[in-house]
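Load the model in a viewer and keep the selection panel at hand. The stops below go from the sheet to the charged side chains.

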Amino acid sequence: MLFRSETLNVSEVKDDTRLNKFADALNQAFGVNVHWVDFGDQGMTTSTGRNLGQFNGYRLGDTVLISPNKDFMDTTWHELTHTLETKHPEVYAQLRDTILRTVDPAMKQRLYDALNQRRRAEIGQDMTAPELESELVAVVTGQHASSPEMLQQLFDGFQDKNLAQQFKDILMEIFDRLA
């Protein structure tokens, strides 16, 4: 958690035109500013010297910071899922409902345990039920993002097929801009 008076110490990665094109497409489709950053070997630190730990991605309002490492697609879609939650709640609700119907209960519990363990270490308390659910949806979406077949399974689970098509159209628009 970032305190109001703090800023983040990260180095922006600007020299990859393909990543910058991807960031522009995400901005146009989702209204989110994506910055590719190096969080540092010691983890992300703040202007006051606090170490927030290791991150692959971090969201601050409409700005998403992502490390362009081997997991960057997973991280990108994880963070964009949180953006969907606030900017496109109807799409997010369908995505959430689909994932909650199909997720393995043991996997869900392992994730919740790990998230609570991390939160306890950070601030001494567990995550709320809505926070846990939000992270579950983001983790599963991130895991599905690298596979068109897995994404199709998510879309197939939407009760509202028009909404599923709208979401697919947004994703296809992004991919078309990258081509």
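Start by selecting the four strands that make up an open sheet in the order S2-S3-S7-S6, with mixed pairing. Strands here are DSSP runs of E with at least two residues, helices are runs of H or I with at least four, and both are numbered from the N terminus. Two strands count as paired if DSSP finds at least two bridges between them. At the edges are S2 (11-12) and S6 (57-60), each of which pairs on one side only.

This is a predicted model, in which local features need pLDDT of at least 70 and side-chain atom pairs count only at pLDDT 80 or more, while totals for chains, interfaces and linings use all residues. Residues are numbered from 1 along each chain as its sequence is written, and side-chain values use heavy atoms, with hydrogens and water left out.

Next, select residues 33-38 and 63-66. These are strands S3 and S7, which run parallel and are joined by four bridges. Pick His-35 to find one bridge position: its partner in S7 is Leu-65.

Now add residues 72-87, which form helix H2. This helix lies across S3, S6 and S7, and runs at about 20° to S6. The angle is taken between N-to-C directions on a scale from 0 to 180 degrees, with axes fitted to C-alpha atoms and, for helices, over the stretch in contact; contact means heavy atoms within 4.5 Å.

Turn to the charged side chains. How many salt bridges are there? The count comes to six, where a salt bridge is a side-chain nitrogen of Lys or Arg within 4 Å of a carboxyl oxygen of Asp or Glu.

Select Arg-96 and Glu-133, which form a salt bridge at 3.9 Å, N to O. Arg-96 sits in helix H3 (residues 89-102) and Glu-133 in helix H5 (residues 129-144), so the pair links parts of the chain 37 residues apart. Add Asp-97 to see a network of salt bridges linking Arg-96, Asp-97 and Glu-133.

Then select Glu-131 and Arg-119, whose closest N and O atoms are 3.4 Å apart in a salt bridge. Glu-131 is in H5 and Arg-119 in helix H4 (residues 105-123), twelve residues apart. Is Arg-119 buried or exposed? Arg-119 is buried at 14% relative accessible area, whereas Glu-131 is partly exposed at 29%; buried means under 20%, exposed over 50% and partly exposed in between, with a 1.4 Å probe and protein chains only.

Finish at Asp-126 and Arg-120, a salt bridge of 2.5 Å, N to O. Asp-126 is partly exposed at 38%, and Arg-120 is partly exposed at 43%.
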